[in-house]
Amino acid sequence: GETGKTSEDSELYYDPDNLTQCRAFVDVKRKLRLVLSSVASLPGVSSVGSESVLRRSKMRMSGKTDARQLTEFLQILLAESINGQDKALCAQIREVMRCLVAFDDRAVRKLLRALKGEHRKRTAYMLYLQQSRLSLLQLRSNLEKLAIRLQREKLLIGECLVDMLVRFYLEERDLQLRRFIAEFQTLKAQDERTDIMERALNSLYECLPREKMWRFANAERISFVKKSVERSLMAQLYVYALYPNGEADQSRDRFLSIRTVVPFFRYY
């Protein structure tokens, strides 16, 4: 009774008359697919597999069956996984080889044909996934560029706002600036001019924390405010610093530049 029951269970597991539907076929197909999915991660296996596929017809002519080819290919995978010390893959390959013992060449051909058919069905879905991933990567790239652009525009707007507020800040101290510029014009020594300019800037800097517009500004913003104040002040001192004698210095510079340029054109 026990022998008959065991025989019946064995026939249900592997049924040559209903091969593609029996549990053995489905089981080995799943295990083989799992092993083949790891082929790309093994060094040198992909090229060996490609050569095996390309030489399939020649190997048939030499007398090697599909079952023999598959066994040799699995042995190559097993050797590679042993060299790579991939114990999990070694166990999976050995399990596939154990299951394939019950399959003859006809069954192996059906197994390979079934795997090929399933792969063909998955190809369209794989292409869809690849296209979707490409679209997502393009969208991500566009979003990153947009974020960079927004950050740059935010920085520019902040700088323009600071420049405008600095202008209002200096307009409130117009009388103080006029006295400073008048005193600057009276000085002739460069050291004295540098000293008075530094004192004026420090005076303007000291008033910044007490202003409502800068009360909640961070250190980076305050640093840019100081630069803007310095630029605005230097713009007002530019003419007096370079041309202390006014029109006389400007006329002299124009005359000297003309005398330098004219001989150059005469030479040519």
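Arg140 and Glu144 both sit in helix 7, four residues apart, or about one turn of the helix. The two residues form a salt bridge, with 3.3 Å between the closest N and O atoms; a salt bridge here is a side-chain nitrogen of Lys or Arg within 4 Å of a carboxyl oxygen of Asp or Glu. An α-helix has 3.6 residues a turn, so residues three or four places apart point the same way. This is a predicted model, in which local features need pLDDT of at least 70, side-chain atom pairs count only at pLDDT 80 or more, and totals for chains, interfaces and linings use all residues. Residues are numbered from 1 along each chain as its sequence is written, and side-chain values use heavy atoms, with hydrogens and water left out.

**Overall make-up**

- The protein has 11 helices and zero strands; helices (H or I, at least four residues) and strands (E, at least two) are DSSP runs, numbered from the N terminus.
- Read from the N terminus on, the order of elements is α-α-α-α-α-α-α-α-α-α-α.
- The protein has 268 residues, of which 26% count as buried; buried means under 20% relative accessible area, exposed means over 50%, and partly exposed lies in between, with a 1.4 Å probe and protein chains only.
- Among contacts in the protein with a separation of 6 or more, 68% are between residues 24 or more positions apart; a contact means heavy atoms within 4.5 Å.
- The accessible surface is about 19600 Å², and 57% of this surface belongs to carbon and sulfur atoms; the areas come from the Shrake-Rupley method with a 1.4 Å probe, and for residues only the protein chains shown count as cover.

**Salt bridges**

- A search of the whole structure gives 16 salt bridges.
- In the pair Arg140 and Glu144, Arg140 counts as exposed at 53% relative accessibility, while Glu144 is partly exposed at 42%.
- Glu118 and Arg122 also form a salt bridge, at 3.8 Å from N to O.
- Glu118 and Arg122 are four residues apart in helix 7 (residues 105–171), which means that about one helical turn separates them.
- Glu118 is buried at 19% relative accessibility, whereas Arg122 is partly exposed at 39%.
- Asp27 and Arg30 join their side chains in a salt bridge of 2.5 Å, N to O.
- Asp27 and Arg30 lie three residues apart in helix 2 (residues 23–36), so they are separated by about one helical turn.
- Asp27 counts as buried at 14% relative accessibility, and Arg30 counts as partly exposed at 48%.
- A network of salt bridges links Asp27, Arg30, Lys31, Glu95 and Arg98.

**Cysteines**

- The structure has zero disulfides; a disulfide is a pair of cysteine sulfur atoms within 2.5 Å.
- Cys22 is buried, with a relative accessibility of 4%.
- Cys99 is buried too, with a relative accessibility of 10%.

**Helix 7**

- Helix 7 has 67 residues, and at 1.5 Å a residue it should span 99 Å; the expected span of a helix is 1.5 Å times one less than its number of residues.
- The end C-alpha atoms of helix 7 are 96 Å apart, which agrees with the expected span.
- At Thr123, helix 7 bends by about 35°; the bend at a residue is the angle between axes fitted to the seven residues ending there and the seven starting there.
- The buried residues of helix 7 include Ala107, Leu111, Leu115, Glu118, Val162 and Tyr169.
- The cover over the buried residues of helix 7 includes helix 2, helix 5 (66–83), helix 6 (87–100), helix 8 (174–186), helix 9 (190–207) and helix 10 (219–242).

**Helix 9**

- The 18 residues of helix 9 should span 26 Å, and its end C-alpha atoms are 26 Å apart, in agreement.
- Among the buried residues of helix 9 are Arg193, Ile196, Met197, Leu204 and Cys207.
- Helix 7, helix 8 and helix 10 are among the elements that cover the buried residues of helix 9.

**Helix 5**

- Helix 5 has 18 residues with an expected span of 26 Å, and the distance between its end C-alpha atoms, 26 Å, agrees.
- Buried residues in helix 5 include Asp66, Gln69, Glu72, Phe73 and Ser81.
- Gln85, just after helix 5, takes a positive phi of about 55°.
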